[in-house]
Amino acid sequence: SVIGINPRIANESIEFTLPTPVGNTGLEYTFISNNNPSGGSTTVSITKSNLLNGIVICDDGTKDVAAADTIQFAANKFLKGTRVYCVSDGTSWHTTAFCLCDLTDVTAS
């Protein structure tokens, strides 16, 4: 599934909780920002307890995602062109994110 995100409203938080990977081998989600956030803080989070693994590629480097609960983009940093790809291997979610922001704007915890 490809999910376009339009973070336009001020002080908006957007959160997606991925389904359990068990029994969902090969299930894929791609989250794409269709426009730049405007107004107050806009936060986008993609979550699944301790089952996110992969990498976030930012303007100024990369960030590892290892047994994380959440990949979170800071307020107004889920910019147009940002993409997060998640695929299940049946035991965890493997993630690759490409973002147009700095390492300090993304948290994987």
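Contact here means heavy atoms within 4.5 Å. Keep that cut-off in mind as we walk through this predicted model.

**Stop 1: strand β3 and its partners**

Start by selecting β3, residues 28-33. On one side of the pairing list is strand β1 (residues 2-5), which runs parallel to β3 and is joined to it by four bridges. To see where the two strands line up, pick Val-2, which stands opposite Thr-30 in β3. Now add strand β6, residues 83-88. Here the direction changes: β3 and β6 run antiparallel, with five bridges between them. Select Glu-28 and look across to β6, where its bridge partner is Val-87.

**Stop 2: the end of β6**

Stay in strand β6 and click on Ser-88. Is Ser-88 buried or exposed? Its relative accessible area is 4%, under the 20% limit, so Ser-88 counts as buried. Show its side chain, and you will find a polar atom 3.1 Å from the backbone nitrogen of Gly-90. Next, bring up the surroundings of Ser-88: leaving aside neighbours within four places in sequence, Ser-88 is in contact with Pro-21, Asn-24, Thr-25, Gly-26, Leu-27 and Trp-93.

**Stop 3: Thr-95 in β7**

Move on to strand β7, residues 93-98, and select Thr-95. Thr-95 is buried, because its relative accessibility is 3%. Which residues surround it, once neighbours within four places in sequence are set aside? Thr-95 touches Leu-52, Asn-53, Gly-54, Ile-55, Val-65, Ile-71, Tyr-85 and Cys-86.

**Stop 4: the nonpolar core**

Now for the largest nonpolar core, which has 21 residues. Colour Leu-18, Phe-31, Val-56, Phe-73, Val-84 and Val-106, the members that touch the most other members. The elements giving two or more residues to this core are β3, β4 (42-58), β5 (61-73), β6 and β7.

Zoom in on Val-106 from that set. Not counting residues up to four places away in sequence, Val-106 touches Val-56, Cys-58, Lys-63, Ile-71, Gln-72, Phe-73, Cys-99 and Cys-101.

**Stop 5: the cysteines**

With cysteines in view, how many disulfides does the structure hold? The count is zero. Two selections help to show why.

First, take Cys-101, whose sulfur has its closest cysteine sulfur in Cys-99, 3.5 Å away. A disulfide needs the two sulfur atoms within 2.5 Å, so this pair is too far apart for a bond. Cys-101 is also buried, with a relative accessible area of 3%.

Then go to Cys-86, which you met as a contact of Thr-95. The closest cysteine sulfur to that of Cys-86 is again in Cys-99, but at 13 Å, too far for a bond. Cys-86 has a relative accessible area of 0% and is therefore buried.

**Stop 6: two backbone angles**

Finish with the backbone. Most residues other than glycine have a negative phi. Two places to check against that are Asn-50 and Ala-67.

Select Asn-50 in strand β4: its phi is near 55 degrees, a positive value in a residue other than glycine. Then select Ala-67, which sits in strand β5. The phi of Ala-67 is near 50 degrees, also positive in a non-glycine residue. Is Ala-67 buried or exposed? The answer falls in between: with a relative accessible area of 45%, Ala-67 is partly exposed.

Key:
Residues numbered from 1 in each chain as written. Predicted model: local features only at pLDDT ≥ 70, side-chain atom pairs only at ≥ 80, totals over all residues. Heavy atoms only, no water. Pairing = 2+ DSSP bridges. Buried < 20%, exposed > 50% of the residue type's maximum accessible area, 1.4 Å probe, protein only. Core = buried A, V, L, I, M, F, W, Y, C linked by side-chain atoms within 4.5 Å. Polar contact = N/O pair within 3.5 Å; in protein donor to acceptor, adjacent residues only side chain to side chain.
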